[in-house]
Amino acid sequence: MHVLLNPPFDGKKILASRKRIRRELLNSEVVYLDKKVAILGGSTTHDIRDILELFLLDYGIRPLFYECEYGQYWQDVMFDAPALIEFKPDVVFIHTSNRNITQYPIPGDSAETVDTMLQAEYKKFSAMWDKLALDYGCTIIQNNFEYPFWRLMGNADASLVCGRVNFLTRLNLKFAEYAQTHRGFYINDINWLSADYGLEAWSDPLYWHMYKYALAMPAIPRLAQSVANIIKSIYGKNKKAFALDLDNTLWGGIVGDDGVENLQIGQETSMGQVYSEFQEYIKSHKQLGVILNVISKNDIKNALSGLEHPDSSLTPDDFIMIKANWEPKSENLQEIAHELSLLPESFVFVDDNPAEREIIKQSFPNVPTPEMITPEHYITTIDRAGYFEVTTLTKDDIARGDMYKNNAARNKLQATFANYGQYLQSLEMHAEIKPFTPMYMSRIAQLTNKTNQFNLTTMRCTQEEIERFSAAPNYITLYGKLQDKFGDNGVVSVVLGEIQGAVIHIRLWLMSCRVFKRDMEFAMIDEFVRLTLERGLTEIRGYYYPTAKNNMVRDFYEKLGFILEREDETGNRVYKLDLSGGYDSKNAYIEVSR
Amino acid sequence: MTREKIFELLNEVFCDVFDDETITVTEATTFSDIENWDSFSHITLIVAVEEAFDIEFSMIDVLDIKNIGEMVDIIEKEAR
């Protein structure tokens with residue numbers, strides 16, 4: 001995380017120092033995900049592009065940009081701008097504002113007149129979105145509308161149908177409805193952003209009249225961060241977990257010194273209310289599938305007694321891991337990450353103590369350590385960063401907390417068995433391994449973007465791409481869902497094979513870290529081989545492309561009996577499996593339905 | 001703030017915006033004297049100067065500024 005991009009950031013400072021920030025970001029050793037982003041503006045977009053690049057680089061995404069000519073956002077799409085077609089965007093960001101409204105109602109317009117106007121304005125946009133989806137199959141990010149900075153009728157602007165505030169509010173709702181019913185379409189909520197920033201400052205007319213910017217220059221970093229958050233979320237770069245301190249973070253006071261009865265928590269005091277509201281905020285993240293953990297310098301007995309305080313909204317049950325000891329917090333974070341099979345940088349480290357934050361920063365530069373200074377602003381500090389920006393909300397997200405809890409139970413069970421096979425047997429595993437089905441398309445796309453460790457080729461796909469593979473006759477697609485006696489893990493593995501002549505190439509093979517070492521990979525290859533033979537093919541080729549994170553599957557194909565054909569100087573490997581001499585099933589512990 | 005002090009701080013702003021430590025601005029420097037200057041970096045520069053001196057230029061100011069000396073005149077008037 002670049003220090004100047006860390007919220008609450010100074011917009012003007014970012015604008016002024018963009019060249020240096022860019023240079024510093026590009027100097028860091030990051031394996032970037034390359035994406036093509038088209039910015040289609042209804043106003044100037046030059047600085048928006050510059051600053052959006054910084055935030056995306058900071059998230060590990062290296063953008064290649066296309067910008068339309070000034071104000072040509074609609075024309076570029078509707079009249080097939082050749083440069084845009086050639087560019088083949090992965091993401092289109094439509095930067096429009098209330099300056100782009102074709103026609104506003106005037107006082108006295110009838111409800112019917114305004115309805116017609118509203119419909120016309122909406123159709124202009126929705127026709128463009130439909131065409132984008134059809135022609136490019138790309139992700140679409142669309143600004144909604146900020147309120148006007150003046151009100152002809154005062155408060156009545158909001159309540160009368162002929163008022164501008166009323167008109168834009170209705171239009172925003174229609175935009176939201178489109179988002180609810182169209183996958184791959186996201187609203188960039190500048191209505192909220194401008195309110196949060198201050199509408200008067202956001203809409204400073206100087207920037208429109210001087211430079212044709214629809215928002216004040218100093219507000220551009222907030223806009224760019226918001227767009228970057230949507231993009232990084234789509235490409236699986238959200239954070240996944242909290243590592244939370246206890247004393248003076250989740251409650252006021254030090255439980256070991258002050259005693260449980262003297263902690264500031266609950267409705268009795270104003271400071272107690274602040275911490276209660278913060279606890280509720282943290283707890284709500286469970287609904288998004290964010291994993292809650294504690295790292296506290298405390299005796300475990302004291303830590304638990306604090307969480308068992310009758311006014312504490314968070315209880316020990318809400319956490320997957322509670323590390324309360326006197327070891328360095330960096331070691332505890334490393335351990336939690338290891339035990340949950342997550343990377344340390346998937347965590348957000350929340351601690352009021354600057355010294356503890358510093359240790360984490362030193363050990364894990366990519367772990368965000370928001371500056372928790374005044375308890376009443378804890379929520380804002382975390383919220384403005386957008387660590388957990390939601391772009392899909394799947395059932396799996398909601399159940400993830402349970403899943404990790406079940407994993408912890410499985411690990412306990414493992415310790416009681418003589419050998420690993422006996423343990424696997426005891427799990428009573430049942431897998432569903434089938435071709436991609438509409439029900440799971442979004443989960444499958446999500447997995448291709450989030451999975452880093454067990455991922456042979458790290459091929460990232462949008463949902464639209466997944467749907468295309470599923471429909472194509474020359475692909476064998478498989479998803480694997482795994483259940484055991486502790487619960488349902490959901491869809492955890494994806495394999496994609498492309499048939500070319502007499503050979504099938506495995507373009508994608510991934511598995512979620514939730515189910516490592518459960519023999520799920522054997523069940524997957526068995527089914528893949530069965531379908532391959534069914535098509536009359538006897539040769540499979542597997543590929544391994546090394547990344548910073550997938551070393552664990554370097555020799556994976558060898559374990560499955562593939563023969564290494566060649567390896568280039570960068571470590572890319574090609575494997576071959578010849579089925580002409582038959583195939584022995586590898587899975588022994590999972591019952592499979594297909 | 002003395003005129004000399006303003007120049008010193010202003011020079012830092014220019015170096016930051018153009019990411020070039022070799023820039024030296026004087027009374028007579030015009031924007032087009034600076035390597036890599038264009039209308040977009042001009043806007044960035046205006047915002048950066050506002051930030052550095054905690055002032056706000058009006059539209060008339062921005063339209064009128066022809067060289068660094070004139071910019072410093074306005075800063076001298078606005079900043080305290």
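User: In this predicted model, which residues of α1(B) and α2(B) meet?

Analyst: On the α1(B) side they are L9(B), L10(B), V13(B), D16(B), V17(B) and F18(B), and on the α2(B) side S41(B), T44(B), L45(B), A48(B), V49(B) and A52(B). Two residues count as being in contact if their C-beta atoms lie within 7 Å. Sorted by class, this contact of α1(B) with α2(B) has nine nonpolar, two polar and one charged residues.

User: Why are α1(B) and α2(B) called oblique to each other?

Analyst: The two helices pack at an angle of about 135°, with their axes 10 Å apart. Angles over 145 degrees count as roughly antiparallel, those from 65 to 115 as roughly perpendicular, and those under 35 as roughly parallel. The angle of about 135° fits none of these ranges, and α1(B) and α2(B) are therefore oblique. In addition, α1(B) passes α2(B) in a right-handed crossing.

User: What makes α3(A) oblique to α12(A)?

Analyst: Helix α3 (residues 46-58) and helix α12 (residues 220-234) of chain A cross at roughly 50°, and their axes come within 8 Å. An angle would have to be under 35 degrees to count as roughly parallel, and 65 to 115 to count as roughly perpendicular. The value of roughly 50° meets neither condition, and α3(A) is therefore oblique to α12(A). This crossing is right-handed.

User: Which residues make the contact of α3(A) with α12(A)?

Analyst: From α3(A) come D47(A), I48(A), I51(A), L52(A), F55(A) and L56(A). From α12(A) come I220(A), P221(A), L223(A), A224(A), Q225(A), V227(A), A228(A) and I231(A). By class there are twelve nonpolar, one polar and one charged residues.

User: Why are α2(A) and α3(A) described as roughly parallel to each other?

Analyst: Helix α2 (residues 18-27) of chain A packs against α3(A) at an angle of about 25°, with the axes 10 Å apart. The limit for roughly parallel is an angle under 35 degrees. The angle of about 25° is under that limit, and the two helices are therefore roughly parallel. Their crossing is left-handed.

User: Which residues of α2(A) and α3(A) meet?

Analyst: R18(A), I21(A), R22(A), L25(A) and L26(A) in α2(A) meet D50(A), I51(A), E53(A), L54(A), L57(A) and D58(A) in α3(A). The residues of this contact divide into six nonpolar, no polar and five charged.

User: Is K232(A) buried or exposed, and how do you know?

Analyst: There are 24 other C-beta atoms within 10 Å of K232(A). A residue counts as buried if that number is 20 or more, and K232(A) is therefore buried. The residue is found in helix α12 of chain A. Leaving aside its neighbours within four places in sequence, K232(A) is in contact with Y59(A), I61(A), K237(A) and N238(A). K232(A) and F388(A) are 156 residues apart in sequence, while their C-alpha atoms are 9.9 Å apart in space.

User: Why is E428(A) called partly exposed?

Analyst: E428(A) has 13 other C-beta atoms within 10 Å. Exposed requires 12 or fewer and buried requires 20 or more; the number 13 lies in between, and E428(A) is therefore partly exposed. This residue is found in the loop between α20 (420-426) and β10 (429-434) of chain A.

User: What is notable about phi of E428(A)?

Analyst: Phi is positive, about 50°, although E428(A) is not a glycine. Most residues other than glycine have a negative phi.

User: What makes D19(B) partly exposed?

Analyst: D19(B) has 15 C-beta neighbours inside 10 Å. That number lies between the limit for exposed, 12 or fewer, and the limit for buried, 20 or more, so D19(B) counts as partly exposed. D19(B) is found in the loop between α1 (3-18) and α2 (39-53) of chain B. Its phi is near 50°, a positive value in a residue other than glycine.

User: How many residues does the contact take from chain B and from chain A?

Analyst: The contact takes 13 residues from chain B and 15 residues from chain A. On the side of chain B that touches chain A, the largest share, seven residues, comes from α2(B). The residues of that side divide into eight nonpolar, one polar and four charged.

Note on methods:
Residues are numbered from 1 along each chain as its sequence is written. Chains are lettered from A and ligands numbered from 1 in the order in which they are written. This is a predicted model: local features need pLDDT of at least 70, side-chain atom pairs count only at pLDDT 80 or more; totals for chains, interfaces and linings use all residues. Helices (H or I, at least four residues) and strands (E, at least two) are DSSP runs, numbered from the N terminus. Ala, Val, Leu, Ile, Met, Phe, Trp, Tyr, Cys and Pro count as nonpolar, Asp, Glu, Lys and Arg as charged, and the others, Gly among them, as polar. Axes are lines fitted to C-alpha atoms, for helices over the stretch in contact, and angles run from 0 to 180 degrees between N-to-C directions. A crossing is left-handed if the near helix is turned anticlockwise from the far one by less than a right angle, and right-handed if clockwise.
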